[in-house]
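This report describes a single protein chain for a reader who works at the bench. Please keep the sequence and the structure in view while reading.

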Amino acid sequence: MPSPAQVSGPARSQHGVTLLYLIKQVELAIRSRLEAVTREVGLTVTQYTALTVLERRPGLTSAELARNSFVTAQSMSVVTAELEERLLVEREQDPAHQRRQLLSVTTSGHGLLERLRPDVSWIEEQMVSAISVKDADGLRQILEQCRFALGGGWPR
């Protein structure tokens with residue numbers, strides 16, 4: 001990885017605002033809106049994120065789920081315990097590795113995600129409402145490339 005001194009390019013706009021600052025501002029605005037939506041059903045944003053990750057990738061361990069949900073393994077153990085208590089996720093012993101417990105979303109968890117989907121979609125629609133569909137698709141591709149460049153890998 002190159003050092004910051006080796007990297008050149010337009011880090012700031014002509015008004016002095018960095019892309020990192022803008023991305024963080026978008027993240028904070030999204031999180032605020034997501035908190036309002038998830039609070040209505042008694043979830044935190046972290047719990048919601050964990051459920052959506054498991055919905056896309058059932059059978060993860062708690063440690064794998066933590067990495068995919070952007071929290072520590074210790075934090076995820078609390079999150080998964082709370083989700084299990086609410087019967088939104090369940091654990092199953094990995095048949096290939098007796099010590100591993102695999103997590104998946106329950107029927108109740110899927111139902112809750114379906115209930116939230118319209119509100120979450122509305123947040124995304126609101127976020128891109130000032131740009132064209134083509135630009136929104138381009139933004140998605142650019143953000144995926146940024147994630148990859150920072151070592152985040154590609155979605156499965």
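A salt bridge, as the term is used here, is a side-chain nitrogen of Lys or Arg within 4 Å of a carboxyl oxygen of Asp or Glu. In helix α5, Glu-114 forms such a bridge with Arg-117, the closest N and O atoms being 2.9 Å apart, and these partners are three residues apart, about one turn of the helix. The model discussed here is a predicted one.

**Overall fold**

The secondary structure of the chain comes to six helices and two strands, and from the N terminus on the elements run α-α-α-α-β-β-α-α. Of the 156 residues, 26% count as buried, while the chain exposes about 11200 Å², of which carbon and sulfur atoms supply 56%. Among contacts between residues at least 6 apart in sequence, 46% join residues at least 24 apart.

**Salt bridges**

The structure holds seven salt bridges, and the table gives three of them, including the pair already introduced.

| Acidic residue | Basic residue | Closest N to O distance |
|---|---|---|
| Glu-27 | Lys-24 | 3.1 Å |
| Glu-114 | Arg-117 | 2.9 Å |
| Glu-124 | Arg-140 | 2.9 Å |

Glu-27 and Lys-24 both lie in helix α1, three residues apart, about one turn of the helix. Glu-27 counts as partly exposed because its relative accessibility is 41%, and Lys-24 is likewise partly exposed, with a relative accessible area of 40%.

In the α5 pair, Glu-114 is partly exposed at 48% relative accessibility, and Arg-117 is partly exposed at 31%. These two residues also belong to a wider arrangement, since Glu-55, Glu-114 and Arg-117 are linked in a network of salt bridges.

The side chains of Arg-140 and Glu-124 meet in a salt bridge with an N to O distance of 2.9 Å. This pair links distant parts of the chain, with Arg-140 in helix α6 and Glu-124 in helix α5, 16 residues apart. Arg-140 counts as partly exposed at 47% relative accessibility, and Glu-124 is partly exposed with a relative accessible area of 41%.

**Helix packing**

How do the axes of α1 and α2 cross? The axes of α1 and helix α2 (residues 45-56) come within 9 Å and cross at roughly 85°; angles of 65 to 115 degrees count as roughly perpendicular, and α1 and α2 are therefore roughly perpendicular to each other. At this crossing, Arg-31, Leu-34, Glu-35 and Thr-38 in α1 meet Val-45, Thr-46 and Tyr-48 in α2.

For α3 and helix α4 (residues 73-85), the axes come within 9 Å and cross at roughly 105°, so that α3 and α4 are also roughly perpendicular to each other. The contact is made by Ser-62, Leu-65, Ala-66 and Ser-69 of α3 and by Ala-73, Met-76, Ser-77 and Thr-80 of α4.

Ser-62 lies in helix α3, which covers residues 62-69, and at 16% relative accessibility Ser-62 counts as buried, because buried means under 20% relative accessible area. Leaving aside its neighbours within four places in sequence, Ser-62 is in contact with Met-76, Ser-77, Thr-80, Gln-101 and Leu-103.

**Loops around α4**

Phe-70 lies in the loop between α3 and α4 and has a positive phi of about 65° although it is not a glycine. At 71% relative accessibility, Phe-70 counts as exposed. Leu-87 has its place in the loop between α4 and β1 (89-94); phi of Leu-87 is near 60°, a positive value in a residue other than glycine, and Leu-87 is exposed, with a relative accessible area of 58%.

Is Gly-109 buried or exposed? Gly-109, which has its place in helix α5 (residues 107-127), is buried, with a relative accessible area of 0%. Not counting residues up to four places away in sequence, Gly-109 touches Leu-87 and Leu-88. The C-alpha atoms of Gly-109 and Glu-55 are separated by 8.9 Å, although their positions lie 54 residues apart along the chain when counted as a separation.

**A nonpolar surface patch**

Leu-19, Tyr-21, Leu-22, Ile-23, Ile-131, Leu-139 and Leu-143 form a nonpolar patch on the surface, with about 640 Å² of accessible area together. Helices α1 (19-39) and α6 (133-149) each supply at least two residues of the patch, and α1 gives the most, with four residues. Leu-143, placed in helix α6, counts as partly exposed at 42% relative accessibility.

Note on methods:
Residues are numbered from 1 along each chain as its sequence is written. This is a predicted model: local features need pLDDT of at least 70, side-chain atom pairs count only at pLDDT 80 or more; totals for chains, interfaces and linings use all residues. Side-chain values use heavy atoms; hydrogens and water are left out. Patches are made of residues with over 30% relative accessible area and no salt bridge: like charges are joined within 9 Å, nonpolar side chains (Val, Leu, Ile, Met, Phe, Trp, Tyr) within 5 Å. Accessible areas come from the Shrake-Rupley method with a 1.4 Å probe; for residues, only the protein chains shown count as cover. Buried means under 20% relative accessible area, exposed over 50%, partly exposed in between (1.4 Å probe, protein chains only). Contact means heavy atoms within 4.5 Å. Axes are lines fitted to C-alpha atoms, for helices over the stretch in contact, and angles run from 0 to 180 degrees between N-to-C directions. Angles under 35 degrees count as roughly parallel, over 145 as roughly antiparallel, 65 to 115 as roughly perpendicular and the rest as oblique.
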